[in-house]
Amino acid sequence: MSATNLRPPTRAPGARLTSTALALAMILFGLLLGPTAGQAHAVDVRLLQRDLAGLSYAPLSGVDGVYGSQTTDSVRHFQRDNGLSVDGVAGTNTMTALLAKVRQVQAKAGVSADGDYGPATINAVRSYQSARHLEADGIAGPQTMGAMNIDRITSSGTGSSNDTRLLQRNLTGLGYLGEGGVDGVYGPATKNAVLSFQSDNDLSVDGIAGPLTNAALTAKVKQVQGKANTPADGDYGPATINAVRSYQSAHGLEADGIAGPQTMASMGIPRELGGGTPGGESGGTPTVPPLDGSVRDKIVQAARSQLGVHEWGNNCNPYGPCVAWCALFTSWAWRQAGVNFSTAFSGDFYYYGRNHGTLHSGLSNPQPGDAIVFGTGPQNTSTSVHVGIIEKANADGTVDTIEGNSSDQVIRRHFSPAARGAYAIISPAGG
């Protein structure tokens, strides 16, 4: 065979151009859809988006059939809440969990449980909410799902077995979880232990180890560690068990290393809290003067009425349990104006704004009554570190705020949002 016979067949110039154009189109299509583009072919994207929006993981306006960054972020949020691999890809496990959750909501709302959160489901959920005096928006957010007795978070909420083991060590150390319960799996035994801890500590009793519950649990463990004279790192590990054993032996208690009711009583640590106040010590109930005007006006008036309020003990405050309380204060002020929202985690304001269409992630157009959150993002307590209420927006771009848990009290501050490290501004719905 001659060398000339080894050459590929000659194609017409037009054919080469068509092939090149097709390749470029495929590349551009992939860039537009991002790393999850392939997934768009495996699932009904609009169904996925309707279900995510119906469960408040995405705005209803996001149902556009495009598997873009917003949908990817919403999928990741749902995956974190449900102990799934957090990759933003709506694979078989994610879709199965999402459809199952939607069907649970539909069953409670009395509508056909087909797994599609469409108009019929929205209307049925609205009726359910109205009958129970909830915000009738048709969206099954945390409060609605709580009323339905549906677990919104079916894992520790972190997606990490290491975090679950830490939770379980602390619950075991305080006598809420039995021996052998530290297995990294957020199962029924762990959930029941969380329910018991929440009940004892005046927390929302939902079995979900969210930021508020974890903060209260860590604080309690640190109190025990302080009394047992071991480093107060919030991890009830072997060193803490040994230190508590020594404390128990020295005080004539059963030396099992577990800080149960008798050991905590000996340490002077209240095991059960009422109204967020420790051991009967009371910081009082917030006194609010008559409020009038718009929602924004009422928020600012409520916040101003608390200027000078100090915490007592270890983060104890009149707005909720004894944990870091900037978000407790801010959501409390919103509720005084009729905004149905409660949280102890500043990052939840971001998700509230995203779900209600009131998020200003570019720090644009701050208004009195808005919440302003600080840090790098809403992912966890390390990235979202503080929140306050905007009292006044000034012409030079600065704002005046009223903030709880700032220098252990409610105070007024003046600053440039970007310079101080704010990452979002959120308006209250109806404001």
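Which helices and strands each supply at least two residues of the lining of the second largest pocket? In this predicted model, they are α10 (211–227), α14 (326–336) and β3 (384–393).

**The pocket**

Let's start with the pocket itself. The second largest pocket has a volume of about 300 Å³. Its lining is made up of 15 residues, and those closest to the centre are A324, A344, T381, S384 and V385. By class, the lining has ten nonpolar and five polar residues, with no charged ones.

**Two helices that cross**

One of the elements of that lining, α10, also meets helix α9, which covers residues 188–200. Two packed helices are described by the angle between their axes and the distance between the axes. Here the axes of α9 and α10 come within 11 Å and cross at roughly 75°. That angle makes α9 roughly perpendicular to α10, because crossings of 65 to 115 degrees are given that name. On the α9 side of the contact you will find V194, F197 and Q198, and these meet T213, A216 and L217 of α10. Four of the residues in this contact are nonpolar, two are polar and none is charged.

The pocket lining and the helix contact can be set side by side:

| Site | Nonpolar residues | Polar residues | Charged residues |
|---|---|---|---|
| Lining of the second largest pocket | ten | five | none |
| Contact of α9 with α10 | four | two | none |

**A mostly covered helix**

Now turn to helix α15, residues 347–356. Is α15 mostly covered or mostly open? It is mostly covered, with seven of its ten residues buried. The buried residues are G347, F349, Y350, Y351, Y352, G353 and R354. They pack against two helices, α4 (69–81) and α14, and against the strands β1 (359–360), β2 (371–375), β3 and β6 (422–426). Two of these partners, α14 and β3, also supply residues to the pocket lining described above. Just after α15, G357 takes a positive phi of about 70°.

**I426, a view from strand β6**

Strand β6 holds I426, a handy residue to click on next. I426 counts as buried because its relative accessibility is 0%, and buried means under 20%. The C-alpha atoms of I426 and G353 are separated by 5.4 Å, although the two residues lie 73 residues apart along the chain. Which residues does I426 contact, leaving aside its neighbours within four places in sequence? From α15, the partners include F349, Y350, Y352 and G353. The other contacts of I426 are W334, T358, L359, D370, A371 and V373.

Conventions. Residues are numbered from 1 along each chain as its sequence is written. This is a predicted model: local features need pLDDT of at least 70, side-chain atom pairs count only at pLDDT 80 or more; totals for chains, interfaces and linings use all residues. Side-chain values use heavy atoms; hydrogens and water are left out. On a 1 Å grid over the protein atoms alone, a cavity is a set of points where a 1.4 Å probe fits but cannot get out, and a pocket is an open set with protein on both sides within 12 Å along at least five of seven lines; lining residues have an atom within 4 Å of a point. Grid points are joined across faces, edges and corners, and a volume is the space filled by probe spheres set on the points. Helices (H or I, at least four residues) and strands (E, at least two) are DSSP runs, numbered from the N terminus. Ala, Val, Leu, Ile, Met, Phe, Trp, Tyr, Cys and Pro count as nonpolar, Asp, Glu, Lys and Arg as charged, and the others, Gly among them, as polar. Axes are lines fitted to C-alpha atoms, for helices over the stretch in contact, and angles run from 0 to 180 degrees between N-to-C directions. Angles under 35 degrees count as roughly parallel, over 145 as roughly antiparallel, 65 to 115 as roughly perpendicular and the rest as oblique. Contact means heavy atoms within 4.5 Å. Buried means under 20% relative accessible area, exposed over 50%, partly exposed in between (1.4 Å probe, protein chains only).
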